[in-house]
Amino acid sequence: MATSENLHLIDRNGNNAEGFPVKLTSGASVQPTAIKYSEKTELRLFICDGTILKNFDASGKEVNGWKAPTLDAPLALPIRWWSFDGKDYLVTCSKAGTIKSFDRGGAARGKAFNFPRGSFNYNLLDGSNYENIEVAAADSLGNLIRCNLNGNCKSDHILTITDYSMLLTNANGDVRYVSIWDEHVVGINKDLDVRLDFQTSEKITSARWIRKEKGWLALAVESSGQLYISDSEGRMLKKMPVAGDRHNLVLDLDGNGVKELVTHSGKGELVAYSLSY
């Protein structure tokens, strides 16, 4: 994880691993990405420090041979990694809407391209090969813009997209694109047919997929400090809401086969809630 000043690697007891935290020069706009290229390779931690892509090992040292490329703006999304036909692709999306790909040494791979000016809410969706990876975004005119990594784009006007809505995507679910504004949540499939439509009782200030394989959405309400989790049909999970915020994830903390929801309590503490379903 990263704060405005440091890169952290934390063990299951909440302690920093040896060599961490690592001081950042300019700060990070998004969270780091942890990658193991294979079971036999060491952990790599990628972070954009200001506009410079940095690569650290599990001891907090910068990786030798990494070119540390500079972007045109801080990142809008965490770095994503794919491997196809023996080639690695580290894909970045900057806040300026520039999409770039790099190999594992930091050298450019393929051609960079830019989204139209005024685009926002960038998303990267998995694909079966390099050409099928999709970058999706919205614009202030209500368009859903979809591009592949070769820069081929198409645009569709979606009534539920506004200049203040959030856009989420899920490449492997029937609900592929989710637009959220105020209390309203609408999800559409790849053919742009509505598959999800519901409202909450409070204005949603932050949203993210928390378990894409189940279609779970984490919906945070800043005004009340509450966190809701809905399923793929818009139903809230049992015992929702809980005290929490936009910083959340689901994982098996103690290795007992039961998932826990980990979030920030709003009081400077991390809390874990058991999810026995």
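Here are three short exercises, with worked solutions, on a predicted model of a protein.

**Exercise 1.** Find out which kinds of secondary structure the protein has, and how its radius of gyration relates to the globule rule.

*Solution.* Start with the elements: the protein has 24 strands and 0 helices. Next, take the radius of gyration, which is 19 Å, close to the 19 Å that the globule rule gives for 277 residues, so the protein is as compact as a globular protein of that length. To picture the extent, imagine a box of roughly 50 × 45 × 35 Å along the principal axes, filled by the C-alpha atoms.

**Exercise 2.** Work out what share of the residues is buried, and what the protein exposes.

*Solution.* Begin inside: 48% of the 277 residues are buried. Then turn to the surface, where the protein exposes about 14400 Å², with 46% of it supplied by carbon and sulfur atoms. Finally, look at charge: there are 32 positive and 34 negative side chains, and the centres of the two sets lie 4 Å apart.

**Exercise 3.** Locate Asn 123 and decide whether it is buried or exposed.

*Solution.* First, find strand β10, residues 119-125, which holds Asn 123. Second, check the accessibility: buried means under 20%, and Asn 123 has 11% relative accessibility, so it counts as buried. Third, look for its surroundings: beyond four places in sequence, Asn 123 is in contact with residues including Leu 77, Glu 134 and Leu 168. Last, follow its side chain, where a polar atom lies 2.8 Å from the backbone oxygen of Asn 121.

Note on methods:
Residues are numbered from 1 along each chain as its sequence is written. This is a predicted model: local features need pLDDT of at least 70, side-chain atom pairs count only at pLDDT 80 or more; totals for chains, interfaces and linings use all residues. Side-chain values use heavy atoms; hydrogens and water are left out. Helices (H or I, at least four residues) and strands (E, at least two) are DSSP runs, numbered from the N terminus. Buried means under 20% relative accessible area, exposed over 50%, partly exposed in between (1.4 Å probe, protein chains only). A polar contact is a pair of N or O atoms within 3.5 Å; within protein, one must be able to donate a hydrogen and the other to accept it, and residues adjacent in sequence count only if both atoms are side-chain atoms. Contact means heavy atoms within 4.5 Å. The radius of gyration is taken over C-alpha atoms; the globule rule is 2.2 Å times the number of residues to the power 0.38. Accessible areas come from the Shrake-Rupley method with a 1.4 Å probe; for residues, only the protein chains shown count as cover. Lys and Arg count as positive and Asp and Glu as negative; His and the chain ends are not counted. The place of a charge is taken as NZ of Lys, CZ of Arg, CG of Asp or CD of Glu.
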